[in-house]
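Here are my comments on the model, set out point by point. Please read them with the structure open.

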Amino acid sequence: MEKCLIGNGKSRSVELLAPAKDYDSVVAAVDYGADAVYIGGARFGARQAAGNSTEQIARAVEYAHRYGVRIHATLNTTPNKYIMVKTN
């Protein structure tokens, strides 16, 4: 992570956070220097093209962590009673 000065003269870290729709996107982001990557699951991600299973996300996490890169799992849907019952 790089340090930069913000408007008040304080130093803060800057993080390169990259989106990833699938495992290959995670690998590319990691290989090209992302500090962190965000990825969504099959049911609660905002990206329609992303349909990552729990196993695929686990594989992405394993690869990213090997290189010290963080993974953020996204939840872009507000769960309601119907969705929670349907997913169980």
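The points below cover confidence, layout, the helices and two single residues.

1. Basis. This is a predicted model, in which local features need pLDDT of at least 70, side-chain atom pairs count only at pLDDT 80 or more, and totals for chains, interfaces and linings use all residues. Residues are numbered from 1 along each chain as its sequence is written, and side-chain values use heavy atoms, with hydrogens and water left out.

2. Confidence. The average pLDDT (the predictor's confidence in each residue, from 0 to 100) is 80 for the protein, and 62% of the residues score at least 70. Among the elements, helix α1 (residues 23-31) has the highest mean, 96, and helix α3 (residues 81-87) the lowest, 59. Where pLDDT is low, the predicted coordinates should not be read in detail.

3. Layout. The protein has 3 helices and 5 strands, in the order β-β-β-α-β-α-β-α from the N terminus. Helices (H or I, at least four residues) and strands (E, at least two) are DSSP runs, numbered from the N terminus. Of the 88 residues, 26% count as buried; buried means under 20% relative accessible area, exposed over 50%, and partly exposed in between (1.4 Å probe, protein chains only). Contact means heavy atoms within 4.5 Å. Among contacts between residues at least 6 apart in sequence, 48% join residues at least 24 apart.

4. Helix α1. Which residues of α1 are buried? They are Y23, V26, V27, A29 and V30. Seen down the axis of α1, these fall within an arc of 165 degrees, so they line one face of the helix; the arc is that of the directions from the helix axis to the C-beta atoms. The buried residues of α1 pack against β3 (17-20), β4 (36-40), α2 (54-66) and β5 (70-74). Just after α1, G33 has a positive phi of about 100 degrees.

5. Helix α2. The 13 residues of α2 should span 18 Å at 1.5 Å a residue, and its end C-alpha atoms are 18 Å apart, which agrees. The expected span is 1.5 Å times one less than the number of residues. In α2, I57, A60, Y63 and A64 are buried. They cover an arc of only 125 degrees around the axis, which puts them on the same side of α2. Their cover includes α1, β4 and β5. The face turned away from the buried side carries the exposed residues T54, E55, E62 and R66. G68, just after α2, takes a positive phi of about 75 degrees.

6. The helix pair. How do α1 and α2 lie relative to each other, and at what angle do their axes cross? The axes come within 9 Å and cross at roughly 10 degrees. That makes α1 roughly parallel to α2, the term for angles under 35 degrees. Axes are lines fitted to C-alpha atoms, for helices over the stretch in contact, and angles run from 0 to 180 degrees between N-to-C directions. The contact is made by Y23, V26, V27, V30 and D31 of α1 and R59, A60, Y63 and A64 of α2.

7. Two single residues. S25, in helix α1, counts as partly exposed at 23% relative accessibility. The C-alpha atoms of S25 and A60 are 9.3 Å apart, with the two positions 35 residues apart in sequence numbering. L75 lies in the loop between β5 and α3 and is exposed, with a relative accessible area of 56%. Its C-alpha atom is separated by 6.8 Å from that of G40, 35 residues apart along the chain.

Methods
Angles under 35 degrees count as roughly parallel, over 145 as roughly antiparallel, 65 to 115 as roughly perpendicular and the rest as oblique.
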